[in-house]
Structure formats: structure tokens, C-alpha cells
Amino acid sequence: MKRFMSAAMSGLLCASIVTVSAGTVTAADAHQKNAGQSAKQELHLNLHSEPPTLDPGLGEDNISFAIIRATFDGFTRVGADGQIHASAAEKIDISDDLKTYTFHLRDAKWSNGDRVTATDFEYAWKRVLDPLTASNYSYQLYAIKNAEKVNRGEAKVDDVGVKALDDKTLQVTLEAPTPYFLQLTAFPSYYPVNKRVVEKNEKWADEAATHVGNGPFKLELWKHKEELVLTKNPTYWDKETVKLDKIHFAMVEDEYTELIMFENGELDWTGAPLSYLPAEEIPTLKESGKLKTQAFAGTYWYKFNTEQAPFNNAKIRKAFAYAVNRQSLIDDVLQTGQLPAMGVVPPTMALKKEGYFADHDVVTAKKLLAEGMKEEGMTKLPPITLSYNTSEAHKRIAEEIQSQWKKNLGVDVQLQNKEWKVFLNDLHEGNYQIGRMGWLADYDDPFNYLELYKDKDGGNNDTNWENPKYKALLDQSNIEKDPVKRKAILTEAEQILMDEMPLMPLYFYTYAWVQDEKVKGVVIDGLGYVDYKWADFTE
């Protein structure tokens with residue numbers, strides 16, 4: 001057996017991180033400066049929108065994941081050093097054929113005092129895979145034996161290769177060796193849930209009074225669309241590491257209001273990764289030296305609904321993609337060092353660094369648009385709407401793209417703004433033509449981006465696009481052991497994706513924020529996820 005303890009297994013399991021240290025912003029910090037008192041260990045932040053869910057089996061967005069990561073703990077966790085460490089697991093044994101993992105739990109309790117058991121993990125993973133749960137991240141567990149068959153209704157839930165041997169031991173059998181599996185177990189979809197709590201109340205994750213986790217913090221207060229408060233979890237196995245007593249989250253959608261709150265000392269941090277800075281203020285913040293930026297593995301794109309005209313035609317989709325001037329968007333609107341995206345896989349794991357098409361290729365775009373319209377028997381395009389969720393940043397990007405499409409293709413596009421939860425649901429239901437979205441990697445491998453569009457009914461596809469050869473290549477990549485050959489297979493798959501263009505990549509992400517100089521230890525990993533386990537205030 002190969003043993004995995006708290007040290008990282010290998011470079012394949014590492015995710016680069018940023019541990020935020022002293023900033024350059026001096027805020028009034030009014031909420032901390034009470035007469036005769038030293039600074040409290042209370043962090044004040046803002047969520048740009050209400051978390052759609054705090055259930056790790058159903059979470060699918062960055063805001064939900066931030067709270068879920070704070071209130072739950074998986075077998076593994078990305079540490080402050082950027083490496084994968086055993087967390088809820090005390091040790092992990094791996095078989096010589098790399099297909100059987102045995103997780104040994106450390107002594108730990110849920111926030112309600114119940115003991116965390118291997119059965120809770122087994123129950124949670126099978127719950128995610130159960131078709132009745134309708135988890136959009138169920139495919140993340142497909143590395144496990146029979147997981148995909150179960151999720152598709154082709155096998156029974158009990159056939160999944162997950163079994164609690166006793167209260168403290170979980171045995172997992174994989175379909176094939178998966179070099180990034182211990183990265184996956186650090187992802188929220190692999191977190192445990194308290195079996196007794198979930199079976200008693202299906203809405204357990206919707207309110208603070210019923211929410212139960214096993215992480216560094218617990219949910220104390222949730223005034224929906226107003227405020228959310230986390231407190232240090234006294235039952236957490238590693239509670240001595242946790243310095244913060246509380247994390248207060250406001251819920252303010254307006255970026256200008258949020259920045260004013262920061263300047264008034266009501267917030268300790270403003271901007272990414274949980275919100276946005278006003279685009280007009282970025283040049284000033286940059287010139288002042290206050291702005292912090294960090295590139296990470298994330299791609300911003302627009303999705304096409306390939307079952308709605310005119311985007312049922314690949315040439316028309318490509319025309320819209322080619323006509324965009326990404327560099328101009330970055331230079332004139334975004335202004336925080338993003339990179340133009342001519343593929344979906346970000347630079348940290350790029351398969352073809354030069355991309356698959358040219359930026360701002362208006363000549364080819366016009367040619368493809370004419371050909372596509374002729375194929376569809378169109379003399380003019382039907383009304384077209386671009387949808388985005390409420391955000392000044394998304395609005396400015398949409399307005400710039402709208403202007404470019406008008407200038408370069410002569411196409412009028414209407415913009416539609418929706419509240420996040422409604423927007424997300426409409427995307428999943430296919431109630432859109434072009435929709436804004438982005439992707440932050442769940443693990444450090446190109447497959448994580450390409451698998452999104454493998455299946456038409458995949459939880460995060462939304463485009464209704466599917467290609468048999470593309471699917472076959474992804475399946476082939478999962479059993480190819482030679483890394484050079486595997487990269488070639490994945491490159492061919494990404495080429496198909498860009499030839500068909502069910503989504504239009506725009507740029508690779510950069511986070512931008514400002515913070516109070518006393519905030520230390522907030523970890524933003526190389527995949528763009530934030531963890532407050534090590535955060536604290538220093539004088």
C-alpha cells in the first residue's frame with residue numbers, strides 16, 4: 001500500500017496559492033476600534049449576491065463555495081502552503097494499482113456535536129450521484145467505480161465503489177488510476193454531510209438554525225439577501241489553527257456602495273473573489289498602489305444556446321466569437337491584466353498556448369456570418385438577447401461586446417440583466433440565447449474544462465451541444481497513461497470544441513481587490529477559491 005499522510009503526494013497535487021499579507025490600504029476600521037479595546041478577530045466582507053445554497057452536494061458557484069469551504073472539511077484540503085494535505089482524514093492508504101483509496105478519519109465532530117463518521121461520507125457521495133438529487137456537479141465523482149452509471153440510472157446507488165468499513169474507515173474504488181483524485185476530495189462535492197440531519201430535514205441547509213457542518217466555522221446567522229455571519233466552530237478538529245472569531249458578510253450588489261463601505265471602515269476587503277470593484281475606479285486604485293491583482297485558473301466566456309436560432313448554426317456562433325476584440329475589452333474596460341482567451345483551457349494548464357483562432361478577425365467573422373445565414377435560409381437575423389447576472393462589471397463587458405458586434409457585424413443585440421439565482425436557473429433550463437458565465441477550475445487538469453461540454457445534459461453544459469467524437473476523445477484521455485499522448489488527445493478535443501464554438505471564450509481571469517493592511521492569512525489558491533481558515537488580524 002502507498003500511504004498518504006498530511007504531506008503532499010506530488011507536484012500533480014499542488015495548487016499554487018496566494019497568502020494575502022500586508023496590504024497598502026488604510027481603512028478607518030470603525031467596527032474594530034471600540035474605546036479601550038484591541039482589534040477583534042472579526043472579519044467584515046461582502047457577498048455580491050445571496051448564496052443559492054449552502055449544501056455542498058448542490059453548490060455550484062463561487063459565492064456558495066466560499067461559505068461551504070468555511071463550514072465544511074473534506075478528506076483533503078489545500079493548505080496555506082498551497083499543497084494538498086490530509087484534513088478530515090488522518091491518513092490515506094493507496095493501493096499499488098492506484099485504484100483503491102482507504103481513508104482513515106481522525107476524531108472529529110459535527111457542529112451540532114454528532115460524531116463525523118465514514119458513513120456520513122459514503123452517504124454524501126452517494127447522495128450527490130443519486131439522480132433524484134439532481135446535483136449539477138455529480139460528474140465530479142465519475143472517477144469512482146460505477147458512479148457515472150448510477151448517476152445515469154443505469155445502476156443502483158449501492159453499486160458505487162464507496163463503502164464505510166467501519167465508523168472511521170472509508171474504502172473507495174476508482175474506475176481507473178486518477179492522478180488528481182486527492183485534489184477532487186478537497187472539492188465541496190466530496191464533502192460529507194450529516195446523514196441524520198439531512199434525512200430528518202431536506203431543507204437543512206437553507207437556514208442557520210438547521211445548518212450543520214464539520215469545518216472551521218459554523219453558520220450563526222443568515223438573514224436572506226441581507227447578512228450572513230459565521231463563527232468559529234468549537235467542535236472543529238483543528239480549531240487551534242483558526243484565529244478568527246467571526247466573519248460578517250454583507251450582501252450588497254452595488255459595487256460603488258461596497259467600495260464606500262470599505263473606505264468608511266465597514267468592510268475589511270472589497271472586490272474579488274466574492275465581489276467586484278467598480279470598473280471606473282480601477283485606474284485610480286491602480287495609480288494609488290492600493291489595487292491587488294492575482295491571475296488564476298479561470299476563464300470568462302459567453303455560452304450559446306445551440307438549440308435556439310440563429311445559434312443552432314456553428315458558423316454563426318464562430319462569427320460572433322471571431323468578431324470580438326478581446327484585447328480592446330481588456331485594455332479599455334477590464335484594466336487588471338487579464339489575457340485574451342482563444343481557447344477554453346487557461347494558461348496554467350494550456351494545451352495549445354497560441355489558441356485556436358485569431359482575436360478580432362472581422363474579415364473571417366463576416367464571411368462565416370454570411371455563410372451561416374445562407375445555410376439557414378435567413379435574409380436577416382432574428383432578435384438576439386445577451387443575458388448576464390446583476391453586476392456593474394458584467395454590464396460593462398456586455399455593453400462593450402454589444403457595441404463591437406454592432407460595429408463589426410452590423411448586428412443589434414439586446415441586453416438582459418437578471419438576479420443571480422434566476423439567471424443561473426434560466427441558463428440550466430435553456431431560457432436564453434447568449435449567456436454570461438465563467439469557470440474556475442476544480443482541479444489542476446485540462447479535463448476539468450473540457451468535460452463540461454461532454455454531455456448535452458451535463459449539469460454545467462447549458463449549451464445543449466454534444467459531439468460524439470468529442471465524447472470519445474475525453475473517454476480515451478481517461479485511460480491513456482502516457483502524459484504526452486494524453487495531452488495530444490485533449491488538444492484534439494479542445495480543437496473540436498473551438499471548431500463548433502458552443503461557447504465563446506473571452507479572457508482568462510485576474511482577481512482584483514483592495515484590503516485592510518491588518519488582514520493576514522486569507523488564502524486564495526491557484527484555482528481561484530478562497531479559504532478563511534488561516535485568516536486573522538494583526539496590529
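This report walks through two helices, two buried residues and the empty spaces of a predicted model.

Residues are numbered from 1 along each chain as its sequence is written. In this predicted model local features need pLDDT of at least 70, side-chain atom pairs count only at pLDDT 80 or more, and totals for chains, interfaces and linings use all residues, while side-chain values use heavy atoms, with hydrogens and water left out.

**Helices 9 and 11**

Helices (H or I, at least four residues) and strands (E, at least two) are DSSP runs, numbered from the N terminus. Helix 11 covers residues 392–409 and has 18 residues. The expected span of a helix is 1.5 Å times one less than its number of residues. For helix 11 that gives 26 Å, and the end C-alpha atoms are 25 Å apart, which agrees.

Buried means under 20% relative accessible area, exposed over 50%, partly exposed in between (1.4 Å probe, protein chains only). Among the buried residues of helix 11 are H394, R396, W405 and N408. In helix 9, the buried residues are R326, S328, L329, I330, V333 and L334. Contact means heavy atoms within 4.5 Å. The cover over the buried residues of helix 9 includes helix 7 (282–288), helix 8, strand 15 (339–340), helix 11 and strand 19.

Both helices have a polar contact at the start. Such a contact is a pair of N or O atoms within 3.5 Å; within protein, one must be able to donate a hydrogen and the other to accept it, and residues adjacent in sequence count only if both atoms are side-chain atoms. Just after each helix comes a residue with a positive phi.

| Helix | Side-chain oxygen to backbone nitrogen | Positive phi just after |
|---|---|---|
| Helix 9 | N325 to Q327, 3.4 Å | Q335, about 65° |
| Helix 11 | S391 to A393, within 3.1 Å | G410, about 70° |

**Two buried residues**

R317 sits in helix 8 (residues 314–322). R317 is buried, because its relative accessible area is 2%. A polar atom of the R317 side chain lies 3.2 Å from the backbone oxygen of M501. Leaving out residues up to four places away in sequence, R317 touches F304, T306, F311, N312, W465, E500, M501 and P502.

A89 belongs to strand 6 (residues 89–94). A89 has 0% relative accessibility, so A89 counts as buried. With the same sequence limit of four places, A89 touches F75, F103, H104, L105 and R106.

**Empty space**

On a 1 Å grid over the protein atoms alone, a cavity is a set of points where a 1.4 Å probe fits but cannot get out, and a pocket is an open set with protein on both sides within 12 Å along at least five of seven lines; lining residues have an atom within 4 Å of a point. Points are joined across faces, edges and corners, and a volume is the space filled by probe spheres set on them.

There are five cavities of 30 Å³ or more. The largest cavity holds about 870 Å³. It is lined by 47 residues, and N62, Y276, H394, R436 and Y509 are the closest to its centre. Elements that each supply at least two lining residues include helix 1 (62–71), helix 9 (326–334) and helix 11.

The second largest pocket has about 200 Å³ of space. Of its 15 lining residues, P340, K352, K353, G355 and F508 lie nearest the centre.
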